[in-house]
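Subject: Structure for your review

Dear colleague,

Please find below the structure that I am handing over to you. I would be grateful if you would keep it open while you read the notes that follow.

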Amino acid sequence: MQPLVVAAIAAEAAYVPEGMEVLITGVGKTLAAVAVTRAICEHPRRDELVVINIGTAGALREGISGVHEIGTVLNHDLSAEAIRQLGIDPRERIAINPSHATTLASGDLFVTDPTVRDELARQADLVDMEGYAIALACTELDVPVHLVKMVSDNADETAHDWSAAVDGCARELGRWLADFAS
């Protein structure tokens with residue numbers, strides 16, 4: 001197994017255990033998809049590669065905290081129903097690992113609006129900006145993927161304090177990675 005740890009920004013990967021390969025994608029689904037696809041295609045040990053996406057996420061309901069391995073990820077800012085009505089499968093939902101109950105909604109929207117939060121909470125537990133794109137790239141290229149998210153905020157007005165929470169979240173994600181690698 002050759003782990004490739006993927007994070008949107010360097011601060012989220014600050015405590016990745018030494019010796020683990022790290023890819024910083026930039027924020028959002030497009031940058032994440034391009035960076036991960038390129039990294040997989042150019043990786044010298046692609047046949048042994050396992051992508052581990054770490055990062056922060058907003059909780060969509062009260063009482064959700066800590067580190068979560070994602071079972072299902074969905075693309076929340078896609079007009080999936082309209083596309084489906086055209087007879088096209090938008091593939092907006094990817095089952096990664098059914099043994100993990102947590103669902104992550106990914107989109108290019110920094111969620112702080114309570115109405116958006118409540119709507120997303122009907123479909124998912126957490127929200128981020130890259131997970132779906134990373135999972136899609138890995139699925140398309142037949143590379144195993146783990147999405148591991150640490151709750152940083154409640155996807156409401158407290159999300160504006162995200163930068164203050166990143167370091168503590170990165171520490172917990174680093175611990176998870178150390179356990180995973182051992």
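Leaving aside neighbours within four places in sequence, Ile 134 is in contact with Val 6, Ala 32, Val 36, Val 51, Asn 53, Val 145 and Leu 147. Please bear in mind throughout that this is a predicted model.

Ile 134 also has a place in a wider group. The largest nonpolar core has 29 residues, and Val 51 and Ile 134 are those with the most contacts inside it. Two or more residues of this core come from each of strand S1 (2-7), helix H1 (29-42), strand S3 (49-59), strand S4 (67-75), helix H4 (131-140) and strand S8 (145-153). Helix H4 gives the most, with 6 residues. There is also a second, separate core of 14 residues, which includes Val 16, Met 20, Ile 54 and Cys 169.

Helix H4 deserves a closer look. Of its 10 residues, 7 are buried, and the helix is thus mostly covered. The buried residues are Gly 131, Tyr 132, Ala 133, Ile 134, Ala 135, Ala 137 and Cys 138. Just after H4, Asp 142 takes a positive phi of about 55 degrees.

I turn next to two polar residues, Asn 75 and Glu 92, which are in contact with each other.

Asn 75 is found in strand S4. Is Asn 75 buried or exposed? Asn 75 counts as buried because its relative accessible area of 10% is under the 20% cut-off. Its side chain makes a polar contact of 2.5 Å with the side chain of Lys 29. Beyond its neighbours within four places in sequence, Asn 75 is in contact with Lys 29, Glu 92, Ser 106 and Tyr 132.

Glu 92 lies in the loop between helix H2 (80-85) and strand S5 (93-95). With a relative accessible area of 18%, Glu 92 is buried as well, since the cut-off is under 20%. Which side chain does that of Glu 92 join in a polar contact? The partner is Arg 84, at 2.7 Å. When neighbours within four places in sequence are again set aside, the contacts of Glu 92 are Val 73, Leu 74, Asn 75, Leu 78, Ala 80, Arg 84 and Tyr 132.

Tyr 132 therefore links these notes: it is one of the buried residues of H4, it is in contact with Asn 75, and it is in contact with Glu 92.

Yours sincerely

Definitions and conventions: Residues numbered from 1 in each chain as written. Predicted model: local features only at pLDDT ≥ 70, side-chain atom pairs only at ≥ 80, totals over all residues. Heavy atoms only, no water. Helix = DSSP H or I, 4+ residues; strand = E, 2+ residues; numbered from the N terminus. Buried < 20%, exposed > 50% of the residue type's maximum accessible area, 1.4 Å probe, protein only. Polar contact = N/O pair within 3.5 Å; in protein donor to acceptor, adjacent residues only side chain to side chain. Contact = heavy atoms within 4.5 Å. Core = buried A, V, L, I, M, F, W, Y, C linked by side-chain atoms within 4.5 Å.
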